[in-house]
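Biologist: I should like to learn how to read a fold from its atoms. May we take the features one after another?

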Amino acid sequence: MAREKQPEPGPEVAPERSYQELLGNLNPVARPLASRKLTRKLYKCIKKAAKQKQIRRGVKEVQKFINKGEKGIIVLAGDTLPIEVYCHIPVMCEDRSLPYAYIPSKSDLGAAGGSKRPTCVIMIKPHEEYQEAYEECLEEVGSLPVPL
C-alpha cells in the first residue's frame, strides 16, 4: 500500500510586531538605539550588502574582522540575552572609531542579512553597488549620541 503524501504545512509567519512592541524587549545597554526610520534604512542597506556578500555576521566573525582593522557599520540587536555575549563589541568599535547602533530585534536583523536564524551583530562593509545607501546610514549612525 502506498502512503498518501500529506501536504506540507506552509511556513508559519509570525505576526509582525511594531517598533514600539519590540522596544519592550531591549537590554539596558542598547544605546545608541536607532530610530524607526534609521532602523528601516539599516535593514535595506543590510539586504543590499548581503546580495553583494559584503556583510560579516555573528559575534566571532565581526570581532575577528574588527581586530583585523576592517571598516564598516556595526549593527547590534538590542534584545540579545545574555548581554555578556556581545557587550565587548561597542568598546572595540569606540577604540577603532567605528560607527555602531542598536536595533530592536535580532530575528529581524538575521532576516535582513538573508538568514533564517536570528543574528545579534552584523558588520556592513562599504561597496560601490550600494554606496549611496551606505553613506546615508553611516552619516546617521555617526550622528547618534554615544553613551557615557
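Biologist: Which residue in β4 does R56 stand opposite?

Modeller: R56 stands opposite M123 in this predicted model. The two strands involved, β1 and β4, pair in the antiparallel sense over 3 bridges. R56 also has a second role: its charged end sits over the ring of F65, 3.7 Å from the centre of that ring.

Biologist: How many bridges join β2 to β4, and in which sense do these strands run, parallel or antiparallel?

Modeller: There are 4 bridges between β2 and β4, and the strands run antiparallel. Within β4, the residue opposite V75 is I122. On its other pairing, β2 is joined to β3 by 4 bridges, and there the strands run parallel. A77 is placed opposite I103 of β3.

Biologist: How should I read the two faces of a strand? Are those of β4 covered or open?

Modeller: One asks which residues lie on each side and whether they are buried. In β4, V121 and M123 lie on one side, I122 and I124 on the other, and all are buried, so both faces are covered. Strand β3 shows a similar reading: Y100 and Y102 on one side and A101 and I103 on the other are all buried, and both faces are covered.

Biologist: Why does I122 count as buried?

Modeller: I122, which lies in strand β4, counts as buried because its relative accessibility is 0%, and the cut-off for that term is under 20%. Leaving aside neighbours within four places in sequence, I122 is in contact with I46, I55, R56, R57, V62, I73, I74, V75, L109 and G113. I122 and V59 are 63 residues apart along the chain, while their C-alpha atoms are separated by 8.0 Å.

Biologist: And H127: where is it placed, and what is it in contact with outside its neighbours within four places in sequence?

Modeller: H127 is found in the loop between β4 and α6. Its relative accessibility is 16%, and H127 therefore counts as buried. Beyond those neighbours, its contacts are Q52 and Q54.

Biologist: Let us turn to helices. Why do residues three or four places apart point the same way?

Modeller: An α-helix has 3.6 residues a turn, and so residues at such a spacing point the same way. In α6, the buried residues are A133, Y134, C137 and V141. Seen down the axis of α6, they fall within an arc of 100 degrees, and therefore line one face of the helix. E132, E139 and G142 are exposed on the other side of α6.

Biologist: What covers the buried residues of α6, and what span does this helix have?

Modeller: The cover of those residues includes α2 (36–51), β2 (73–77), β3 (100–103) and β4 (121–124). Helix α6 comprises 12 residues, 131–142, and reaches 16 Å from its first C-alpha to its last. This is close to the 16 Å expected at 1.5 Å a residue.

Biologist: Which residues are buried in α3?

Modeller: In α3, which spans residues 59–67, the buried residues are V59, V62, F65 and I66. Seen down the axis of α3, they fall within an arc of 145 degrees, so one face of the helix is lined by them. Among the elements that cover them are β1 (55–57), β2, α4 (89–95) and β4. After α3 comes G69, whose phi is positive, near 95 degrees.

Biologist: Finally, how is a pair of aromatic rings described, and how many pairs does the structure hold?

Modeller: Such a pair is described by the distance of the centres and the angle of the planes. The structure holds 2 aromatic pairs. Y86 and Y102 form an edge-to-face pair, with 6.2 Å centre to centre and 80 degrees between the planes. This pair links distant parts of the chain, since Y86 is in the loop between β2 and α4 and Y102 is in strand β3, 16 residues apart. Y86 counts as buried because its relative accessibility is 0%, and Y102 is buried with a relative accessible area of 2%. Y100 and Y102 form a pair that is also edge-to-face, at 6.4 Å centre to centre with 80 degrees between the planes. Y86, Y100 and Y102 form one aromatic cluster.

Definitions and conventions. Residues numbered from 1 in each chain as written. Predicted model: local features only at pLDDT ≥ 70, side-chain atom pairs only at ≥ 80, totals over all residues. Heavy atoms only, no water. Expected span 1.5 Å × (residues − 1). Buried < 20%, exposed > 50% of the residue type's maximum accessible area, 1.4 Å probe, protein only. Arc of directions from axis to C-beta. Contact = heavy atoms within 4.5 Å. Phe/Tyr/Trp six-rings, centres within 6.5 Å; stacked < 30°, edge-to-face > 60°. Lys NZ or Arg CZ within 6 Å of the ring centre and 35° of its normal. Pairing = 2+ DSSP bridges.
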